[in-house]
Amino acid sequence: MSIRLWSDGHSFPGEQLKALREQVEKGDVEIELLSPRTTLVPATCFTPDEAENLLSLAGQPCRYDETAVWSDAWEGVVAVMAIDRATLEQLPKSVRFTSPLLALKTESPQSVLLARYENLLYVKVWDMRLRLAEVVRVETDEDLLYYLARLGEVLPLRNYSLEVAGEEPKSLRKLVKNYFK
């Protein structure tokens, strides 16, 4: 079972928590955590004791009411994310976490992968290897376009293929089409 959890100071809805506990009794549960404080770390450099420090080093420290959780290693990378402590306390101990940053994959040697979930934009840039993986808060379409304009100052986006995912991928593709071929 996979459940999406938004962690931005909100607690887990009661009816979903009940369904989650029932599912945990049946087997493994993985929660896709949507959090602006997310970073990817090479699995060889990751230890659970250092999770919060790794977020801080990435410029995304946990707030006073948050703690760090992490994904299983996936293709040599671990996603480290911040979650509200009260929310985490409501969850069964056996749940595992994942991030959209892990799921964004491409076969193209030069591409920009975008996934928008509410006001979070997950971005991965591939140029024969991973160049960028980050989560950006975008409250409006203008914020998203501003971010792409700034990214376009660093990378020749018109030379990259665009891949989109997340909520409403067709509207996201339409919005950003001017930055790509």
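This note goes through the fold, the cores and selected residues of a predicted model.

1. **Overall make-up.** The protein has 181 residues, and 44% of them count as buried. Its secondary structure comprises six helices and 10 strands. Take the contacts with a sequence separation of 6 or more: 57% of them join residues 24 or more positions apart.

2. **Main core.** The largest nonpolar core holds 21 residues. Within this core, Phe-97 and Tyr-122 have the most contacts. Which elements give two or more residues to the core? They are strands S2 (30-34), S5 (77-84), S7 (110-117) and S8 (120-127), together with helix H4 (100-103). As background, nonpolar side chains tend to be buried together in soluble globular proteins.

3. **Second core.** Another core, of 18 residues, lies apart from the largest one. Its members include Val-138, Leu-144, Leu-148 and Leu-155. Two of these names, Leu-144 and Leu-148, return in the helix contact of point 8.

4. **Phe-97 and its surroundings.** Setting aside neighbours within four places in sequence, Phe-97 is in contact with Glu-30, Ile-31 and Leu-33. The same list has the run Val-69, Trp-70, Ser-71 and Asp-72. Met-81, Ile-83, Leu-88 and Leu-91 complete the set. Charged and nonpolar names thus both appear around Phe-97, with Glu-30 and Asp-72 among them.

5. **Ile-31, a partner of Phe-97.** Ile-31 sits in strand S2. Is Ile-31 buried or exposed? Its relative accessibility is 0%, so Ile-31 counts as buried. Along the chain, 66 residues separate Ile-31 from Phe-97, yet their C-alpha atoms are separated by 4.8 Å.

6. **Arg-96, beside Phe-97 in sequence.** Arg-96 belongs to strand S6 (residues 96-98). With 27% relative accessibility, Arg-96 counts as partly exposed. Beyond residues up to four places away in sequence, Arg-96 touches Asp-28, Val-29, Glu-30, Ile-31 and Asp-72. Glu-30, Ile-31 and Asp-72 also appear among the contacts of Phe-97. Val-69 is 27 residues from Arg-96 in sequence, and the C-alpha to C-alpha distance is 8.9 Å.

7. **Two buried strand residues.** Val-123 lies in strand S8. At 0% relative accessibility, Val-123 counts as buried. Which residues does Val-123 contact, leaving aside neighbours within four places in sequence? They are Leu-101, Leu-113, Leu-114, Leu-132, Ala-133, Glu-134 and Tyr-147. Leu-113 is 10 residues from Val-123 in sequence and 5.7 Å away in space, C-alpha to C-alpha. Thr-38 is in strand S3 (residues 38-42). Its relative accessible area is 1%, so Thr-38 is buried. Outside residues up to four places away in sequence, Thr-38 touches Leu-55, Gln-60, Val-80, Met-81, Ser-99, Leu-101 and Val-135. Leu-101 is a contact of Val-123 and also of Thr-38.

8. **Packing of H5 and H6.** Helix H5 (residues 141-154) and helix H6 (residues 169-176) have axes that come within 11 Å. The axes cross at roughly 55°, which makes H5 oblique to H6. The crossing is right-handed. Which residues make the contact? H5 supplies Asp-141, Leu-144, Leu-145 and Leu-148. H6 supplies Leu-172, Leu-175 and Val-176. By class, the contact has six nonpolar residues, no polar ones and one charged residue.

9. **Positive phi at Glu-75.** Glu-75 is not a glycine, but its phi is positive, about 50°. Where is Glu-75 found? The residue is in the loop between strand S4 (66-70) and S5. Its relative accessibility is 59%, so Glu-75 counts as exposed.

10. **Positive phi at Met-128.** Met-128 is also not a glycine, and its phi is positive, about 70°. Met-128 is in the loop between S8 and strand S9 (130-137). Is Met-128 buried or exposed? The relative accessible area is 69%, and Met-128 is therefore exposed.

Conventions: Residues are numbered from 1 along each chain as its sequence is written. This is a predicted model: local features need pLDDT of at least 70, side-chain atom pairs count only at pLDDT 80 or more; totals for chains, interfaces and linings use all residues. Side-chain values use heavy atoms; hydrogens and water are left out. Axes are lines fitted to C-alpha atoms, for helices over the stretch in contact, and angles run from 0 to 180 degrees between N-to-C directions. Helices (H or I, at least four residues) and strands (E, at least two) are DSSP runs, numbered from the N terminus. Angles under 35 degrees count as roughly parallel, over 145 as roughly antiparallel, 65 to 115 as roughly perpendicular and the rest as oblique. A crossing is left-handed if the near helix is turned anticlockwise from the far one by less than a right angle, and right-handed if clockwise. Contact means heavy atoms within 4.5 Å. A nonpolar core is a set of buried Ala, Val, Leu, Ile, Met, Phe, Trp, Tyr and Cys residues joined through side-chain atoms within 4.5 Å. Buried means under 20% relative accessible area, exposed over 50%, partly exposed in between (1.4 Å probe, protein chains only).
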